[in-house]
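Student: Please take a close look at one part of this structure, the place where the two chains meet. I would like one connected account of it, with a word on how far the model can be trusted.

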Amino acid sequence: MAEAMAYSLSLSLLYLGLLCGNGLVSARGSELFTPDPSRGPHFTGCRSREQETFRCWWSTGTFQNLTEPGALRVFYQTKNALEWRECPDYTRTVENECYFNKTFTHIWTSYCIQLRSVPQNITYDDTCFTVENIVHPDPPIGLNWTLLNVSRSGLHFDVLVRWAPPPSADVQMGWMSLVYQVQYRVKNASHWEMLDLESGTQQSLYGLHTDKECEVRVRCKMLAFDNFGEFSDSIFVHVAQIPSKESTFPTTLVLIFGVIGVVILLVLLIFSQQQRLMVIFLPPIPAPKIKGIDPELLKNGKLDQLNSLLSSQDMYKPDFYHEDPWVEFIQLDLDDPAEKNESSDTQHLLGLSRSGSSHVLNFKSDDDSGRASCYDPELPNPEDLASLLPAHSGRGENHPLVSSSSPSIPDLGIQQTSEVEETPIQTQPAVHSWGNMDFYAQVSDFTPAGGVVLSPGQLNSSPEKKKEEENEKKIQLQLLSDGAYTSENTARQLDVPPSPGPEQGYHAFPTQAVEGNLWNGEYLVSAGDSQTPYLLPEAPPAPTLPPVSDYTVVQEVDAQHSLLLNPPSSQPALCPHTPNKHLPAMPTMPMGYLTPDLLGNLNP
Amino acid sequence: MSRSLKQVAVLLVALLCLDPHGRVGSAPICTHGPSGCHVPSLADLFDRVIQHSARMHSLSNDLHSEFEQYFLPSKNHIGKIYRKCHTSNILTPNGKENAQKLAREELTEVILKLLMAWRDPLFQLHQSMAHQQDFNSFSSNKALEMGDMAHELRKGVEKVAEKMRVLGMLGNSVTGLSAAEAMLPISDSGEAMSDYELLYCFRRDSNKVQNYLKILKCRIVPEHDC
């Protein structure tokens, strides 16, 4: 208890002694040297004020038995003379300070000092330095300010702050070249604003607020060295605000009135032009529109009217993927006894519907001749048909097939058949929702009566039996080669000749020559048939029009994320060890279309 | 007769005109002080030279602190402090009074000796810094700049000394420093000094040069109760 008291007393005495020292720096400087009480005796710092003398301080730390003077001694060694000498001057007034005067101070010389207890011959601490590196200049003196100007609003003002270099520093000769740093803050703020280093003895402060007291202080350091000295005493800068209400009053009033006026104008404008503004800002969402067709008709489902409307337009009627018009066509053909021969073609068509039942849009067929199916009440729903209608863009006159169910239309269709192109293919994108269905029949011939003969691609009519077989085969092929609407499964089930596979039905024409034929054969062509189907038997063979497929089946996605339309067949065999590289091919994808969920498979 | 006279006259004129000492000389452009261009006075020359030395010292300080950041040497180790710079052989005044007591000629000579001694080592320093990848190009550029500055400073101080000699302020005891003063930066152990040691030494020496120049100026060009 007594020891603790003695210890604390000695410490407090030490602090007091340091604080009340008469030397400027020794009093000021040693404030910063908070001794570390947890250590033993150690140096707390060495400083030089003017690069001509310096002092060192130490503390006894936790060792109380060394507090009496003389217990600890300081020895120093310079590079010039390598023997250890004792401190030239232990300051009498200040405790634990060693002072080196001018004769003992050598600039640009390394000093090493040691704190020793001589009786025990223990060195408690040692440190080395060179004098120019421990220079902490005194603070500048004579800090004052003058008003430069006040802003027009009277809210801000500028001030010029001046000071003088510390007297201890010999700046006239340039022995110490000082740079200064000014700091200022609004009174009682916590954060000091720092300005750049200034080599002169004045600095301007801009943008100070009137009516707020500003505290300014300055400190200095040697140029190209790092140790700042202490701060000078702060000065307070204050400029009273000049009341100038009369200037601000009208401005604010004008502003307020202006704003109110503008607001009123806006409100009036809005209310007067409400309707127009509504249209501009909230335009009505356009309802789906087909030229010339009243959406109400579509809603009500009055198919007849729609058909008449559509047929009266230049629309791509043959793209209606339902059998009604074809059936009607066929019906017409059958009525005419002169077309008996060509009726076999229509039977093909009907036969198609028979065997391709899985792909036909609700098309029930019986094994009878197509005729029965013509009158089959099991027709696709009007709604379905109606839904098909808006999907077509006007391509009309190029297609031989007419979609409307009215008898008058076939005539139109016939007359237009001379311009058959590969157009039906191109409308397929619009009908992807129709599923697997036989939409297309290839027109092979015309009846004199104006009917259209649909054929699987053969120009000549052969004996019926043989035709039947062939037709069966062709039907199968047709099914397979039917663009988007044949699934690969069924294609595989059927006996497909290798060269034009069903999946190739949608490959781009340039890639396979045979495909062209397929395309040419449209949707009834037999695979191996090299003839081009179309209209007239004397029509030139196909490739006048390269049947460019609008869409192609995406078979695979390779590692570079490119879609392979026609992947090399050997690829899976070649690279069995890198299955991960390729995204999985799409075996079960229906030909022609990439549905969104399949698209998801594409993405890695 | 008139012809020969003419010839002689032409010859004379030619001789006069072509007299090498007459017109063709390396005379300075500004021969008249106030009317012509401004001839820097000795004080101006000193100012320039001192400014230059201040910049050089500042640059050396920057490089030295960069180095210290990189390598973080133990600051107070005795062994590290007592490095022997290659310029330690040059006797330099190590205080203000000592420098003031020194004669002008000796002070000038010390300055020139110091600057001369650093010519090659600075070049070496730049080379080694440029080759090392530890430093970015900034540092090696600074080293190069420092070397150039030291060279220019030496030239400047030589000019000042010349001017002082012309003005009679210096005695003739200032020997033209011969290039035989080449001093190799070798440390105690005989090995070449490391970059850090070179920088440490140069920082110290550039500070010396700066201060000596200031003292010299104060003595040569008295002003502000110097």
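Tutor: Start with confidence, as this is a predicted model. Chain A has a mean pLDDT of 67, and 45% of its residues reach 70 or more. Two stretches of chain A call for a separate mention. Over residues 353–367 of chain A the pLDDT stays under 50, and the model gives this stretch 42 contacts beyond four places in sequence. Residues 457–465 of chain A also have a pLDDT below 50, with 21 contacts in the model beyond near neighbours in sequence.

Now the interface. Chain A brings 31 residues to the contact and chain B brings 28 residues. The size of an interface is often given as the accessible area lost when the parts come together. For chain A and chain B the buried area is about 2,500 Å², and carbon and sulfur atoms give 53% of this area.

As for specific pairs, three salt bridges are found across the interface of chain A and chain B. One of them joins the side chains of Asp170(A) and Lys96(B), at 2.6 Å from N to O. Polar contacts between chain A and chain B come to eight residue pairs, counted where both residues are at pLDDT 80 or more.

On the side of chain A that touches chain B, strands S3 (72–78), S6 (110–117) and S7 (122–130) of chain A each supply at least two residues. S7(A) gives the largest share of that side, four residues. Sorted by class, the side of chain A that touches chain B holds 14 polar, ten nonpolar and seven charged residues.

Notes
Residues are numbered from 1 along each chain as its sequence is written. Chains are lettered from A and ligands numbered from 1 in the order in which they are written. Side-chain values use heavy atoms; hydrogens and water are left out. pLDDT is the predictor's confidence in each residue, from 0 to 100. Contact means heavy atoms within 4.5 Å. Buried area is the accessible area (1.4 Å probe) that two parts lose on being put together, summed over both. A salt bridge is a side-chain nitrogen of Lys or Arg within 4 Å of a carboxyl oxygen of Asp or Glu. A polar contact is a pair of N or O atoms within 3.5 Å; within protein, one must be able to donate a hydrogen and the other to accept it, and residues adjacent in sequence count only if both atoms are side-chain atoms. Ala, Val, Leu, Ile, Met, Phe, Trp, Tyr, Cys and Pro count as nonpolar, Asp, Glu, Lys and Arg as charged, and the others, Gly among them, as polar.
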